[in-house]
Amino acid sequence: MAKEKNLEELFHETLKDIYYAEKKILKTLPKMMKGAQSDELKMAFEKHQQETEGQIDRLEQVFEMIGKPARGKTCDAIEGIVSEGEEIMQDFKGTPALDAGLISAAQAVEHYEITRYGTLKRWANELGMADAARLLDETLKEESKTDSDLTRLADMFANQRAKQRSAA
């Protein structure tokens with residue numbers, strides 16, 4: 001008979017999913033920095049790259065708390081979101097809409113992360129893992145702030161520039 005899975009296993013599987021996602025994002029951010037046209041967006045991506053390194057460290061601490069090795073499992077969701085971002089970089093390279101497209105791709109990543117960290121935090125609390133919940137909440141707050149910062153950049157300049165026509 002198959003072993004009945006419970007919230008602890010679900011927590012661990014979801015932790016592996018977001019760990020993979022964060023590692024994938026860390027590899028992708030330099031490409032987004034390079035593709036960004038505005039200095040403000042380049043700086044936002046650079047800041048988030050540094051935050052992502054800290055987020056990976058916190059995830060590794062959570063793995064340690066549950067006595068499991070820090071190991072990811074392929075996350076099809078983040079693979080799809082990153083692929084869409086790469087497509088935007090290709091399709092809109094050199095156009096006024098590129099930064100708006102990069103912001104939208106980055107926000108898709110942020111929204112995915114926000115859902116994962118919010119869920120993991122709730123489950124950690126449910127499982128009596130207050131220290132893990134605190135670490136996950138720290139990351140959740142960073143991801144939410146990054147999303148707000150990206151919205152601010154879109155509203156400040158990127159969306160207006162995206163409406164312009166390229167000089168052909």
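**Notebook: a five-helix model**

I started at S38, which touches D99, F157 and R161, leaving out residues up to four places away in sequence. Note to self: this is a predicted model.

**S38, continued.** Where does S38 sit? I found S38 in the loop between α1 and α2. Is S38 buried or exposed? Its relative accessible area is 4%, and buried means under 20%, so S38 counts as buried.

**Overall layout.** I stepped back to look at the whole chain. The protein has five helices and zero strands, so I wrote the order from the N terminus as α-α-α-α-α. I then looked up the extent of the C-alpha trace, which spans about 65 × 30 × 20 Å along its principal axes. Of the 168 residues, 43% count as buried. I also checked how far apart in sequence the contacting residues are. Taking contacts with a separation of 6 or more, residues 24 or more positions apart account for 80% of them.

**Helix α2.** Next I went to α2, which covers residues 39-65. Does its end-to-end distance agree or disagree with its length in residues? At 1.5 Å a residue, its 27 residues should span 39 Å, and I read 39 Å between the end C-alpha atoms, so the two agree. I listed the buried residues of α2, among them L41, F45, H48, T52, I56, L59 and F63. Some charged residues are on that list too, including E51 and R58. A general point I keep in mind here: an α-helix has 3.6 residues a turn, so residues three or four places apart point the same way. What do the buried residues of α2 pack against? I found α1 (7-35), α4 (98-126) and α5 (130-162). After α2 comes G67, and its phi is positive, near 70°.

**The nonpolar core.** The largest nonpolar core has 43 residues. Which members touch the most others? They are L41, F45, I78, L102 and L136. Each of α1, α2, α3 (76-91), α4 and α5 supplies at least two residues of this core. The largest share, 11 residues, comes from α4. I took a closer look at L41: leaving aside neighbours within four places in sequence, L41 is in contact with A36, D99, L102, I103, L150 and L153. I had already met D99 on the contact list of S38.

**L135.** This one lies in helix α5. With a relative accessible area of 4%, L135 is buried. Not counting residues up to four places away in sequence, L135 touches R58, Q61, V62 and M65, and those positions fall within α2, residues 39-65. I also checked L135 against Y117: they are 18 residues apart in sequence and 9.8 Å apart in space, C-alpha to C-alpha.

**D147.** My last stop was D147, also in helix α5. D147 is buried yet has no salt bridge. How far away is the nearest side chain of opposite charge? That side chain is K145, and I read 12 Å. What I did find is a polar contact of 2.9 Å joining the side chains of D147 and H111. Besides H111, D147 touches Q107, E110 and I114, again not counting residues up to four places away in sequence.

Technical notes. Residues numbered from 1 in each chain as written. Heavy atoms only, no water. Helix = DSSP H or I, 4+ residues; strand = E, 2+ residues; numbered from the N terminus. Expected span 1.5 Å × (residues − 1). Buried < 20%, exposed > 50% of the residue type's maximum accessible area, 1.4 Å probe, protein only. Contact = heavy atoms within 4.5 Å. Core = buried A, V, L, I, M, F, W, Y, C linked by side-chain atoms within 4.5 Å. Salt bridge = Lys/Arg side-chain N within 4 Å of Asp/Glu carboxyl O. Polar contact = N/O pair within 3.5 Å; in protein donor to acceptor, adjacent residues only side chain to side chain.
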